[in-house]
Amino acid sequence: MKEIIRTLTEAYGPSGDEGQVRALIEEMVRGVVTEMRTDPLGNLIALKKGTGGGKRVMIAAHMDEIGLIVTHIDKKGFLRVGRVGGVFAPTLMGGRVRFANGTVGVIGSEKWLRSNDAPKWEEVFIDVGATSPDDAPVRVGDVACFSRPYEEMGDRLIAKAMDDRAGCAVLVQALRDLGESPHDVYAVFTTQEEVGTRGALVSAFGIEPEVALAIDVTDTGDVPEAPPMAVDLGAGPAVKVMDRGFLSHPGVKQWMIDGAERLGIPYQREVLQLGSTDARAIQMSRAGVPTGALSLPARYIHSPSEMVDLRDLQGASNLLVGLLKEPIAL
Amino acid sequence: MLLKDLSEARGVSGDEGAVREVLLKAVEGLVDEQRVDALGNLICLRKARRPIEEGRWPRTVMVTAHMDEVGLMITGINGDGTLRFEKVGGIDDRVLLSKQVLVGKDAVPGVIGYPPIHLIPAADRQKAPDIGKAAIDIGAKDKAGAERLVSLGDYATFRTCYEVLDEGGLRTVKGKAFDDRAGCAALVELLHEDYALDLYAVFTAQEEVGLRGARVAAFAVNPDVAFALEGTICDDLPKKKDVSPVTELGKGPALTFMDQSVIADRRLVRLLVDTAEGLNIPYQFKRAAAGGTDAGAIHLAREGVPSAVVAVPSRYIHAPVSMLSLDDLDHTVQLMKAALHTMEGGLNA
């Protein structure tokens with residue numbers, strides 16, 4: 001699983017430009033799934049046909065990550081940028097970014113080294129070593145993602161884009177380990193989650209699932225002075241009860257809890273005050289879908305150094321396999 | 001002149017009938033099917049005039065422009081005969097003061113009254129006014145007098161005439177609601193051409209209050225790909241810093257890479273750029289991720305619809321007077337026609 005996570009987090013894939021990640025995942029699940037297709041919004045829909053008598057189950061993990069989009073190149077070749085998804089200014093200074101074509105840039109600001117405050121958005125720029133718009137290796141409309149190496153500290157894994165490549169890795173691993181299942185499992189690697197759960201909305205319309213889960217990261221309450229939250233890193237995957245945009249289907253929530261108890265997998269219950277996931281969009285598709293979310297605890301979400309714990313990810317993958325092998329009665 | 005008729009037609013969100021009438025006349029003889037749906041969208045189909053190859057994608061293209069404009073709705077009649085109002089769509093309070101408006105079906109003239117400078121303390125002149133205290137004055141003697149002329153729920157629009165400005169240079173014109181009557185005018189022009197694809201021209205309702213018409217129209221039409229034609233932000237007045245204007249007048253149609261509602265489909269953006277460069281049609285990018293368009297609703301319809309936005313730069317939108325260059329409008333039509341023809345050869349699904 002570590003190798004999958006490394007490969008996926010090192011890939012480039014801001015919202016709307018998930019092609020590189022999609023190609024990697026296609027290779028990872030080829031031979032394991034029955035069929036694959038890419039829908040009009042770029043979602044990769046991988047179906048593992050069941051042996052019969054089961055349900056149509058959709059499990060979503062999003063491929064896209066946050067980024068910075070070039071809106072202007074000034075006379076000296078510096079790039080001005082807008083945000084793709086929830087990028088926070090304090091995470092930027094001195095950091096590096098990478099564009100689809102490999103161009104590397106340094107993030108600077110107008111008040112560089114003269115202030116301890118986070119820069120205002122209009123003060124941020126990217127330096128790609130250019131001296132004018134003519135020799136800039138990127139164009140207006142190109143998107144940059146954080147550039148930061150993947151690192152391991154025992155079970156703690158650190159990388160950019162753990163949100164939600166960690167979820168993608170869990171889903172890939174579960175597909176590989178699943179073997180026979182009565183259910184038609186639609187593993188959907190979604191697009192454009194960070195700009196409003198857009199890929200999940202349209203893929204759910206196409207699949208019409210009977211049960212659905214989203215696999216995504218969630219905050220933890222275990223760092224110094226964190227807002228109170230009963231989720232710790234390394235204490236197991238979290239069964240989401242609620243977040244800002246979503247209330248879990250009680251039956252789906254209980255299905256996950258019962259499964260974890262039965263399999264002896266440590267788990268936590270999650271109530272998140274901010275944010276939401278693909279589960280929100282799937283739940284509201286067509287006439288409504290019983291939907292839950294399995295969360296992966298993560299620290300420093302939407303920074304270049306998101307930290308997860310391998311045991312949580314393995315627990316999540318094992319739980320998915322255990323759940324999908326058995327009949328589902330909500 | 002279609003743009004003049006469209007600009008002077010009054011059609012705040014939810015009340016697009018007058019604009020639709022102008023358009024129904026304009027598309028007469030150009031479309032094979034037309035209907036008005038439950039939300040007031042005008043959905044027109046110009047069928048392929050040449051056969052579509054088997055297996056080619058896309059076959060059905062939806063192009064939209066929204067009929068509605070921002071404006072006001074009458075929510076109360078005061079004892080003194082003045083009218084209370086709410087804004088419909090996004091309007092900065094500061095552009096409303098002392099403006100002339102037309103109220104209701106009968107176009108009753110009025111003015112958004114504001115005290116003269118003599119009565120405003122010096123300190124208050126530095127602050128944005130409280131529009132909640134403003135009212136529309138239609139000159140009525142009292143409440144009963146006002147009630148003879150207007151009813152609660154009536155819409156009010158800015159009173160602006162269309163005029164040609166710099167005929168020899170940028171071919172600038174000014175008028176009301178170029179967002180998005182410019183798009184409507186361009187979309188009608190697209191219907192004068194023969195294509196080897198089914199073209200749905202959809203004139204949408206209620207864009208300014210949340211892309212509402214486009215959402216249901218896209219569900220019904222179920223197109224393969226879509227384009228929204230817009231009149232977009234243009235702020236090319238001098239800037240203190242070397243930062244970009246969002247768009248510039250006279251520099252060609254503006255292509256969106258991303259706004260708050262949609263990330264434009266990269267294949268369609270590439271198609272537009274390649275088409276423009278191949279034919280030497282001027283174009284520019286909309287250099288900000290601000291605003292939202294019908295494409296935001298359309299691309300999320302059903303299983304998803306690859307969508308892009310092409311816009312005519314328009315100064316001073318969401319205010320009484322907007323300004324555009326007819327060159328930009330012509331180039332928008334030229335680019336869209338050429339892009340539709342390029343698509344006849346198919347795209348990579």
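# A walk through cavities, rings and backbone turns

Phe178(B) is buried, with a relative accessible area of 0%. That makes a good starting place for a tour of this structure, which is a predicted model.

Phe178(B) has an aromatic partner. Its ring and that of Tyr162(B) have centres 6.2 Å apart and planes at 75°, so the two form an edge-to-face pair. Phe178(B) belongs to helix 4 (residues 178–190) of chain B, while Tyr162(B) sits in the loop between strand 9 (155–158) and strand 10 (163–164) of that chain, so the pair ties together parts that are 16 residues apart in sequence. Tyr162(B) also counts as buried, because its relative accessibility of 9% falls under the 20% cut-off.

Over all chains, the structure holds 5 aromatic pairs. Another of them is in chain A, where the rings of Phe78(A) and Phe125(A) have centres 5.2 Å apart and planes at 70°, so this pair is edge-to-face. Phe78(A) lies in the loop between strand 4 (67–73) and strand 5 (79–84) of chain A, and Phe125(A) lies in strand 8 (residues 124–127), so here the pair ties together parts 47 residues apart in sequence. Which of these two rings belongs to a buried residue? Phe125(A), at 17% relative accessibility, counts as buried, whereas Phe78(A), at 25%, counts as partly exposed. Back in chain B, Phe257(B), Tyr283(B) and Phe285(B) form one aromatic cluster.

Now for the empty space. Rolling a probe the size of a water molecule over the atoms shows where empty space is left. How many cavities of 30 Å³ or more does this turn up? The count comes to 4. The largest cavity has a volume of about 100 Å³. It is lined by 13 residues, and the closest to its centre are Val70(B), Ala177(B), Asp179(B), His318(B) and Ala319(B). By class, the lining of the largest cavity divides into 7 nonpolar, 2 polar and 4 charged residues.

The second largest cavity holds about 50 Å³ of space. Its lining includes Glu65(A), Phe146(A), Lys160(A), Asp163(A), Glu194(A) and His302(A). By class, this lining has 3 nonpolar, 2 polar and 5 charged residues.

Two of the residues in that lining, Asp163(A) and His302(A), are worth a second look for their backbone. Most residues other than glycine have a negative phi, and most peptide bonds are trans. The peptide bond from Asp163(A) to Asp164(A) is cis, with omega near 10°, and Asp164(A) is found in helix 3 (residues 162–178) of chain A. His302(A) has a positive phi, near 65°. It lies in the loop between strand 17 and strand 18 of chain A and is buried, with a relative accessible area of 11%. Tyr300(A) is found in the loop between strand 17 (291–297) and strand 18 (306–309) of chain A, and its phi is also positive, near 60°. Tyr300(A) is partly exposed, with a relative accessible area of 43%. Chain B offers a cis bond too: Trp57(B) and Pro58(B) are joined with omega at about 5°, and Pro58(B) lies in the loop between strand 2 (42–46) and strand 3 (60–66).

The open spaces come next. The largest pocket has a volume of about 770 Å³. Its lining takes in 39 residues, of which Gly16(A), Asp17(A), Asp265(B), Arg266(B) and Arg267(B) lie nearest the centre. Two elements give two or more residues to this lining: helix 2 (19–29) of chain A and helix 6 (266–279) of chain B. The largest share, 5 residues, comes from helix 6 of chain B. The lining of the largest pocket has 19 nonpolar, 10 polar and 10 charged residues.

The last stop is helix 8 (residues 326–343) of chain B. Its 18 residues reach 26 Å from first C-alpha to last, close to the 26 Å expected at 1.5 Å a residue. At its N-terminal end Ser325(B) acts as a cap, with a side-chain oxygen 3.1 Å from the backbone nitrogen of Asp327(B). An α-helix has 3.6 residues a turn, so residues three or four places apart point the same way. Among the buried residues of helix 8 of chain B are Leu329(B), Val333(B), Met336(B), Leu340(B) and Met343(B).

Note on methods
Residues numbered from 1 in each chain as written. Chains lettered and ligands numbered in written order. Predicted model: local features only at pLDDT ≥ 70, side-chain atom pairs only at ≥ 80, totals over all residues. Heavy atoms only, no water. 1 Å grid on protein atoms, 1.4 Å probe; cavity = no way out; pocket = protein on both sides within 12 Å on 5 of 7 lines; lining within 4 Å. Points joined across faces, edges and corners; volume = space filled by probe spheres on them. Nonpolar A, V, L, I, M, F, W, Y, C, P; charged D, E, K, R; others polar. Helix = DSSP H or I, 4+ residues; strand = E, 2+ residues; numbered from the N terminus. Expected span 1.5 Å × (residues − 1). Buried < 20%, exposed > 50% of the residue type's maximum accessible area, 1.4 Å probe, protein only. Polar contact = N/O pair within 3.5 Å; in protein donor to acceptor, adjacent residues only side chain to side chain. Phe/Tyr/Trp six-rings, centres within 6.5 Å; stacked < 30°, edge-to-face > 60°.
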